[in-house]
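Me: I'm new to this one, so could you walk me through it slowly?

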Amino acid sequence: LALVPGAGPAPTEVRDSKLLGASRREALVPALVGWAHGVAVGHAAASEVDREGLLGALRLATLRALAQLPRPDVVLLDGPLDWLGEKAPGRVLAVVAADRRCVSVAGASVVAKVHRDRLMTGLAARYPGYGWDRNKGYGTAEHRSALARLGPSPLHRRSWCLPSEPGSGTQDALELR
């Protein structure tokens with residue numbers, strides 16, 4: 001997700017999305033969207049994660065989000081590495097714990113999680129049985145059990161961990177990148 005900070009004070013209580021509950025994140029989104037000069041979401045399909053790896057797919061999704069906004073002077077990334085590199089539209093600053101130190105990164109984190117949660121709830125209705133409305137696609141026991149029982153949906157990554165035997169509750173990495 002990309003968020004261009006607005007002028008004036010940011011909405012109060014904006015924090016790293018991992019430090020906020022789902023209902024608080026939901027409540028903050030309208031204020032964040034109203035404050036920001038621009039908000040954009042980029043996606044990468046499971047097949048792109050399989051082909052490009054997780055970091056490559058993150059790069060694709062980020063560049064897609066940034067392409068929807070005016071060219072930035074600086075792109076802030078949360079973490080120690082500039083994984084956008086020469087493809088970045090402008091200068092890149094990689095900042096460790098940026099989602100705890102910078103309100104625009106924290107705001108993007110909040111909006112991204114809310115977007116993801118809404119998306120997963122909608123996908124849970126299209127592909128029932130995986131519990132995506134509850135586990136948001138994380139490899140919980142419920143999700144692993146559903147994979148063993150139902151097999152992967154068209155939205156599951158094929159290069160990630162899949163159950164080795166139905167009902168076993170164990171996983172073997174097919175190809176981790």
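Reply: Let us start with a definition: buried means under 20% relative accessible area, exposed means over 50%, and partly exposed lies in between (1.4 Å probe, protein chains only). Helices (H or I, at least four residues) and strands (E, at least two) are DSSP runs, numbered from the N terminus. This is a predicted model, in which local features need pLDDT of at least 70 and side-chain atom pairs count only at pLDDT 80 or more, while totals for chains, interfaces and linings use all residues. Residues are numbered from 1 along each chain as its sequence is written, and side-chain values use heavy atoms, with hydrogens and water left out.

Me: Which residues of helix α6 are buried?
Reply: In helix α6, which covers residues 141–150, the buried residues are H143, A146, L147 and A148. Just after α6 comes G151, whose phi is positive at about 80°.

Me: How many helices and strands does the chain have?
Reply: There are 6 helices and 6 strands in the chain, and along the sequence they follow the pattern β-α-β-α-β-β-α-α-α-α-β-β.

Me: And what about the overall dimensions?
Reply: The C-alpha trace spans about 55 × 35 × 25 Å along its principal axes. The radius of gyration, taken over C-alpha atoms, is 18 Å, which agrees with the value near 16 Å for a compact globule of 177 residues (the globule rule is 2.2 Å times the number of residues to the power 0.38). Of the 177 residues, 40% count as buried.

Me: Back to the helices: where is N135, and is it buried or exposed?
Reply: N135 is found in helix α5, residues 132–135, and it counts as buried because its relative accessible area is 5%.

Me: What does N135 touch?
Reply: Taking contact as heavy atoms within 4.5 Å, and leaving aside neighbours within four places in sequence, N135 is in contact with Y130, T140, E142 and H143. The side chains of N135 and E142 are joined by a polar contact of 3.4 Å, and the side chain of N135 also reaches the backbone nitrogen of G137 at 2.7 Å. A polar contact here is a pair of N or O atoms within 3.5 Å; within protein, one must be able to donate a hydrogen and the other to accept it, and residues adjacent in sequence count only if both atoms are side-chain atoms.

Me: Does E142 have a charged partner too, and which residue is it?
Reply: E142 forms a salt bridge with R134, with the closest N and O atoms 2.3 Å apart, where a salt bridge is a side-chain nitrogen of Lys or Arg within 4 Å of a carboxyl oxygen of Asp or Glu. R134 is exposed because its relative accessible area is 56%, whereas E142 is partly exposed at 30%.

Me: How many salt bridges are there in the whole structure?
Reply: A search of the whole structure finds 11, including one between D117 and R116, whose closest N and O atoms are 2.7 Å apart. D117 counts as buried at 10% relative accessibility, while R116 is partly exposed at 21%.

Me: New topic: which residue in the loop between β1 and α1 has a positive phi?
Reply: That is E13, a residue other than glycine with phi near 70°, and it lies in the loop between β1 (2–4) and α1 (22–35). Most residues other than glycine have a negative phi. A97 also has a positive phi, of about 60°, although it is not a glycine, and A97 is found in the loop between β4 (91–95) and α3 (98–101).
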